[in-house]
Amino acid sequence: MELVHAVDCGYYSSFAISQRGELYACGSNSFGQLGTGNTESSFSFIPVTETPEFRSLSCENSFTIFLDATELYTEQEGMIAVGESTSLVPRRIEGLPDIMLVSCGSHHTMCLDEDEALWVFGSNSHGQLGCAANDEPNPTPQKWGNDNMGRIVAISRGGRRTIIKDSLYSIWVSGSNEYGASGIRTTKDTQISTPTQTDIPGDFVD
């Protein structure tokens with residue numbers, strides 16, 4: 001039995017990385033999301049062959065982002081970054097510096113490089129890429145943030161949102177605010193199209 005290093009799951013598929021960096025997958029494969037080279041689903045974990053030694057991953061909807069030592073890979077290129085048709089095996093995403101951490105939204109990806117800069121790409125339907133100019137998808141990785149932020153120290157998936165914590169202990173967000181989920185003190189389904197600071201009110205803090 002393989003010793004497991006990391007796990008994550010999408011809507012209908014699950015992945016595991018062994019201590020040796022080997023990738024295993026199970027579940028629905030109708031979009032090729034298991035990365036096995038075909039579209040056959042599996043009801044048990046099977047090896048995904050001919051891949052680098054991965055150390056972490058992030059899953060969402062029908063795609064997965066894999067991280068080896070410093071580079072990102074995905075099997076759903078057309079939806080996420082590369083701008084080509086879907087690949088049935090994980091392929092490297094070009095145009096990024098060395099990456100240390102990755103997290104996926106519903107149709108966009110966030111990744112933190114070794115200099116603590118955040119890169120985003122994919123869907124911008126609700127402003128989650130932080131681009132004020134338009135809501136068009138962007139397959140090319142671009143930096144997210146502004147000059148008022150500290151160093152980015154934590155990132156999180158949020159469906160159609162991007163949310164981070166910086167070194168000044170502040171929260172920054174862009175994207176959907178449906179149900180007030182972005183914490184900007186309104187319950188309107190506001191589209192936050194640029195990185196916006198929010199916080200925890202002082203009367204709630206011990």
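**Figure 1. Surroundings of Asp113 in the predicted model.** Beyond the four places on either side of it in sequence, Asp113 contacts Pro97, Asp98, Ile99, Met100 and Trp119. The structure shown here and in the other views is a predicted model. Asp113 belongs to strand S10, which covers residues 108-113. Asp113 is buried but forms no salt bridge. The nearest side chain of opposite charge is that of Lys143, at 5.6 Å, whereas a salt bridge requires a side-chain nitrogen of Lys or Arg within 4 Å of a carboxyl oxygen. The side chain of Asp113 does have a polar partner: a polar contact of 2.9 Å links it to the side chain of Trp119. Trp119 is also among the contact residues named above.

**Figure 2. His108 and its polar contacts.** His108 is another residue of strand S10. With a relative accessibility of 0%, His108 counts as buried. Which side chain makes a polar contact with the side chain of His108? That of Thr162 does, at a distance of 3.0 Å. A polar atom of the His108 side chain also lies 3.3 Å from the backbone oxygen of Arg161. Leaving out residues up to four places away in sequence, the residues that His108 touches are Phe63, Phe121, Gly122, Ser123, Gln128, Leu129, Gly159, Arg160, Arg161 and Thr162. Both polar partners, Arg161 and Thr162, therefore appear in this view together with the buried His108.

**Figure 3. The open sheet S5-S6-S7-S8.** Four strands form an open sheet in the order S5-S6-S7-S8, and their pairing is antiparallel. Strand S5 (56-60) and strand S8 (91-92) are the edge strands, each pairing on one side only. S5 is nevertheless largely enclosed by the rest of the structure, because 4 of its 5 residues are buried. S5 and S6 run antiparallel and are joined by 5 bridges. Strand S6 (residues 63-67) and strand S7 (residues 72-74) also run antiparallel, with 3 bridges between them. Ile65 can be followed across both pairings: Ser58 has Ile65 as its bridge partner in S6, and Ile65 has Thr74 as its bridge partner in S7. In general, the strands of a sheet pair through backbone hydrogen bonds, in parallel or antiparallel fashion.

**Figure 4. Thr64 in strand S6.** Thr64 is located in strand S6. Is Thr64 buried or exposed? Its relative accessible area is 1%, so Thr64 is buried. Residues up to four places away in sequence aside, Thr64 touches Phe15, Gln33, Leu57, Ser58, Cys59, Tyr73, Thr74 and Glu75. Ser13 is 51 residues from Thr64 along the chain, and the C-alpha atoms of the two are 9.6 Å apart.

**Figure 5. Aromatic pairs and the Phe15 cluster.** The whole structure contains 4 aromatic pairs. One of them is Tyr11 with Tyr12: the ring centres are 6.3 Å apart and the planes stand at 85°, so this pair is edge-to-face. Tyr11 and Tyr12 are both exposed. Phe15 and Phe66 form an edge-to-face pair as well, because their ring planes are at 70°, with the centres 5.6 Å apart. Phe15 lies in strand S2 (residues 13-18) and Phe66 in strand S6, so this pair ties together parts that are 51 residues apart in sequence. Phe15 and Phe66 are both buried. They belong to one aromatic cluster with Phe54 and Tyr73. Two members of this cluster, Phe15 and Tyr73, are also touched by Thr64.

**Figure 6. Tyr169 and Tyr179, loop residues with positive phi.** Tyr169 is not a glycine, yet its phi is positive, at about 65°. Tyr169 is part of the loop between strand S14 (161-166) and strand S15 (171-176). The relative accessibility of Tyr169 is 71%, so it counts as exposed. Tyr179 likewise has a positive phi, near 60°, without being a glycine. Where is Tyr179 placed? Tyr179 sits in the loop between S15 and strand S16 (191-198). Tyr179 counts as exposed because its relative accessibility is 75%.

Notes:
Residues are numbered from 1 along each chain as its sequence is written. This is a predicted model: local features need pLDDT of at least 70, side-chain atom pairs count only at pLDDT 80 or more; totals for chains, interfaces and linings use all residues. Side-chain values use heavy atoms; hydrogens and water are left out. Helices (H or I, at least four residues) and strands (E, at least two) are DSSP runs, numbered from the N terminus. Buried means under 20% relative accessible area, exposed over 50%, partly exposed in between (1.4 Å probe, protein chains only). Lys and Arg count as positive and Asp and Glu as negative; His and the chain ends are not counted. A polar contact is a pair of N or O atoms within 3.5 Å; within protein, one must be able to donate a hydrogen and the other to accept it, and residues adjacent in sequence count only if both atoms are side-chain atoms. Contact means heavy atoms within 4.5 Å. Two strands pair if DSSP finds at least two bridges between them. Rings of Phe, Tyr and Trp (its six-membered ring) pair if their centres lie within 6.5 Å; planes under 30 degrees apart count as stacked, over 60 as edge-to-face and the rest as tilted.
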